[in-house]
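Here is a short report on one protein model. It starts with overall dimensions and then turns to selected local features.

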Amino acid sequence: MAHAFTPATVDHSPRQALDAPEILKARIDLAACFRMAAHLGLEEGICNHFSAVVPGHDDLFLVNPYGMSFDEIRASDLLICDFDGRVVAGEGRPEATAFFIHARLHALNPRAKVAFHTHMPNATALCMTEGEPLQWAGQTALKFYGRTAVDDHFNGLALDSSEGDRIARALGDADVLFLRNHGVMVTAPNIAEAWDDLYYLERAAEVQLKAMTSGRALIRVPDEIAQRCYEQMREGDPESARLHLESIKRRLARSAPDYAL
């Protein structure tokens, strides 16, 4: 289901500071997210994609190359692309929908420094059902209270900029976008918070689906309590997310240390 993307040009002319320490750290952090997402079954073949705006370069973004599965991606494998389709660092090219979705999302939503798109099974299942995807019936789901949007207009594959623009507009001021009949997009100001949200979004969807299979009605948390719980969680989220990412990097250092190469 993946489609090759033909860049406008492949531009390997040197750019200042593309090997700066903060960029190397972003590569390692993003590679860790790919590896752990694969370990948890959150990816789908070679079709899903994560991106992050390059630190210090708001016109460039890191993204996985076409043809690689999440569980083989290393920090050095990640491409750096500009918003016009040029590969400015790395070997290969992005998958077509990866470029058109992520380039337009970062260009039109500057606050979305990181964007993770997956077809992870439980959250995607909620994209295939009627009504509001998350029912605010479980504590984990309340992490996302007031932070989600739904794109109700599935329009086929994102194979041009107009579809990327449409998805970016559908996100609006939300952090998480449920794409009907498709999958989810998680955006965040940094890689750690994107990882944390991706992980807990799938957990919230999983437990909701389990409850729904019981045949009993879900018990929705009252809005005022849901809002208060969200605010309680949000206060500690940035540090919790940082520690969460560091924990997966330690796990990978033991089980798959090549991720950081």
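The radius of gyration is taken over C-alpha atoms, and the globule rule is 2.2 Å times the number of residues to the power 0.38. For 261 residues, a compact globule would have a value near 18 Å; the protein has 18 Å, so the two agree. The model is predicted.

**Overall build**

Along the principal axes, the C-alpha atoms fill a box of roughly 60 × 40 × 30 Å. The protein has six helices and eight strands. Their order along the sequence is α-β-β-β-β-α-β-α-β-α-β-β-α-α. Among contacts with a separation of 6 or more, 72% join residues 24 or more positions apart.

Some whole-protein values are collected here.

| Property | Value |
|---|---|
| Buried share of the 261 residues | 52% |
| Exposed area | about 11,800 Å² |
| Carbon and sulfur share of the exposed area | 52% |
| Distance between mean positions of positive and negative charges | 4 Å |

The charge count behind the last row is 26 positive and 37 negative.

**Annotated span**

The UniProt record, an unreviewed entry, carries the annotation "domain: Class II aldolase/adducin N-terminal" for residues 28-209. That annotation may be inferred rather than shown by experiment. In the model, the span is 34% helix and 21% strand. The C-alpha atoms at its two ends lie 33 Å apart.

**Around N48**

N48 sits in the loop between α1 (21-39) and β1 (49-54). Is N48 buried or exposed? The cut-off for buried is under 20% relative accessible area. N48 has 0%, so N48 is buried. Which residues does N48 touch, leaving aside those up to four places away in sequence? They are L42, E43, N64, F70, H117, T118 and H119. A253 offers a long-range reference point: N48 and A253 are 205 residues apart along the chain. Their C-alpha atoms are separated by 24 Å.

**Helix α4**

Helix α4 covers residues 161-171. Its buried residues are E163, G164, D165, R166, I167, A168 and L171. What do these buried residues pack against? Two of the partners are α2 (96-108) and β6 (148-151). The others are β7 (176-179) and β8 (183-188). After α4 comes G172, with a positive phi near 55°.

Notes
Residues numbered from 1 in each chain as written. Predicted model: local features only at pLDDT ≥ 70, side-chain atom pairs only at ≥ 80, totals over all residues. Heavy atoms only, no water. Helix = DSSP H or I, 4+ residues; strand = E, 2+ residues; numbered from the N terminus. Buried < 20%, exposed > 50% of the residue type's maximum accessible area, 1.4 Å probe, protein only. Contact = heavy atoms within 4.5 Å. Areas by Shrake-Rupley, 256 points an atom, 1.4 Å probe, with all protein chains shown as cover. Lys, Arg positive; Asp, Glu negative; His and termini not counted. Charge placed at Lys NZ, Arg CZ, Asp CG, Glu CD.
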